[in-house]
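Me: I've got a protein here that I'd like to talk through. Could you help me read it, one step at a time?

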Amino acid sequence: MSPFIKSLTLSGRRIVASCVRHHSLTAELIENMDKKATWDRFYTESSSGTTPFKNFEWFFGFDAVKDFIMPLLQNKSQPHGLFQVLDMGCGTSALGPCIYRHSALPVQVTCADISPIAVRLMQQHVQAKAIQPHHLSSQLEFVELDCTQLHKHFGGSSLDLIVDKGTTDALLRSKEGRAKASVVLKQCLKVLRSSGSLLQFSDEDPDARLLWLETEGQEPGLMAADVGVQEVGELRGMTYYCYQVTPRPVV
C-alpha cells in the first residue's frame with residue numbers, strides 16, 4: 001500500500017499522522033501511544049519505501065513555538081557550562097535540531113525518544129544534512145530513553161529547559177498512559193534546575209490541564225511547582241496552548 005495521510009481523531013482532538021502504511025496502525029496508535037512497540041512500528045512503517053525522509057511534527061513545527069522557547073535561551077548566565085535542553089519524546093521532529101541551529105547561547109540539546117527507530121532516523125538525517133549550530137560550542141545528541149526514567153540519563157537539578165510537544169498528550173490519551181504521564185511530570189521536576197522550566201505544548205483546554213499539572217506536580221514536603229499558560233494560536237481549527245511548569249522550592 002502506498003503512503004497516505006491519515007488524521008487520527010481522539011476525544012474530539014486531531015492528531016495528524018503522515019506516511020502511515022496500514023489502516024490497522026491507526027487504531028493501535030490511538031489506544032497504545034504509551035507503548036514503545038507502537039512507536040517502533042509507526043516509525044518503521046513511516047520510513048519504509050522510497051519516500052525521502054521528512055520530519056514528522058506533532059501539532060506544528062518549530063516556527064509556531066520559537067517565540068515561547070528562544071526567549072528562555074537568551075541573556076542567561078550559565079556558570080555550569082552549556083545550557084542544558086531536553087526535547088522529550090522527540091520522535092522525528094525538527095524541534096531539537098532547530099533549537100541547536102538558532103540558539104545564540106551555547107546549548108547542549110538532547111533529543112530523547114523511546115523508539116530506537118526514531119533515534120536512528122534522526123541521527124542519519126542530521127549527519128546527512130550536516131546541520132551547523134549558531135554557537136560553535138553547542139552540541140546536539142539523540143538518545144533512546146523512556147521519559148518515565150529520565151533519572152537514568154540526567155542527574156537531579158541538571159536541566160535548564162525541557163520541551164514537551166505532544167508527548168504528555170499522547171500518554172494522557174492512551175488507554176493505560178495516565179499514570180505514566182504523572183510519573184513523567186514528576187521526573188521532569190526532579191531533573192530541572194530551580195531556575196529551569198518545562199514547556200508543554202498541547203491542545204488540551206486550560207481548565208483541564210492546569211488542574212492536572214497543579215495536582216500531579218505536588219508532593220507535600222518533597223515537590224512543588226508553579227504553573228502558567230499562554231495561548232499559542234489556532235491551527236486547523238484547534239487552539240493550542242503552552243503550559244510552563246517551574247519547580248518551586250519546598251519549605
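What follows is a set of questions and replies about this predicted model.

Reply: Ground rules before we start. This is a predicted model, where local features need pLDDT of at least 70 and side-chain atom pairs count only at pLDDT 80 or more, while totals for chains, interfaces and linings use all residues. Residues are numbered from 1 along each chain as its sequence is written, and side-chain values use heavy atoms, with hydrogens and water left out.

Me: How many helices and strands does the protein chain have?

Reply: Helices are DSSP runs of H or I with at least four residues, strands are runs of E with at least two, and both are numbered from the N terminus. For the protein chain, that comes to eight helices and nine strands.

Me: What share of the 251 residues is buried?

Reply: Buried means under 20% relative accessible area, exposed means over 50%, and partly exposed is in between (1.4 Å probe, protein chains only). Among the 251 residues of the protein chain, the buried share is 52%.

Me: In what order do the seven strands of the open sheet come?

Reply: Two strands pair if DSSP finds at least two bridges between them. The pairing in this open sheet is mixed, and the order is β5-β4-β3-β6-β7-β9-β8.

Me: Which strands stand at the edges, with a single partner strand each?

Reply: An edge strand here has a single partner, so one side of it is left without a neighbour in the sheet. The strands in that position are β5 and β8 (225-235).

Me: Which strands does β6 run parallel to?

Reply: Strand β3 (residues 83-88) is joined to β6 by three bridges, and the two run parallel. Val85 stands opposite Leu161 in β6. On the β7 side, Leu159 stands opposite Leu192. Six bridges join β6 to that parallel strand, β7 (residues 192-202), so the pair of names you want is β3 and β7.

Me: How many of the seven residues of β6 are buried?

Reply: Strand β6 is largely enclosed by the rest of the structure, because the buried count is seven of the seven.

Me: Is Ser157 buried, exposed or partly exposed?

Reply: Ser157 is in the loop between β5 (139-144) and β6 (159-165). Leaving aside neighbours within four places in sequence, Ser157 is in contact (heavy atoms within 4.5 Å) with Lys190, Val191, Leu192 and Arg193. Its relative accessible area is 43%, so Ser157 counts as partly exposed.

Me: How far is the C-alpha atom of Ser157 from that of Ser194?

Reply: Along the chain, Ser157 and Ser194 are 37 residues apart. In space, their C-alpha atoms are separated by 7.0 Å.

Me: Which residues is Lys186 in contact with, leaving aside its neighbours within four places in sequence?

Reply: Lys186 is found in helix α7 (residues 178-191). With a relative accessible area of 16%, Lys186 is buried. Its contacts are Glu216, Glu219 and Met223.

Me: What span should the 14 residues of α7 have?

Reply: The expected span of a helix is 1.5 Å times one less than its number of residues. The end C-alpha atoms of α7 are 20 Å apart, which agrees with the expected 20 Å.

Me: How are the rings of Trp39 and Phe42 arranged as an aromatic pair?

Reply: Rings of Phe, Tyr and Trp (its six-membered ring) pair if their centres lie within 6.5 Å; planes under 30 degrees apart count as stacked, over 60 as edge-to-face and the rest as tilted. The whole structure has 12 such pairs. For Trp39 and Phe42, the centres are 5.4 Å apart with 80° between the planes, and that pair is edge-to-face.

Me: What separates Trp39 and Phe42 along helix α2?

Reply: Both Trp39 and Phe42 are buried, and ring pairs link them with Tyr43, Phe56 and Trp58 into a cluster. Because they are three residues apart in α2 (residues 36-47), their separation is about one helical turn.

Me: Is Val126 buried or exposed?

Reply: Val126 lies in helix α5 (residues 116-129). Leaving aside neighbours within four places in sequence, Val126 is in contact with Pro97, Ile131, Leu140 and Phe142. Its relative accessibility is 13%, so Val126 counts as buried.
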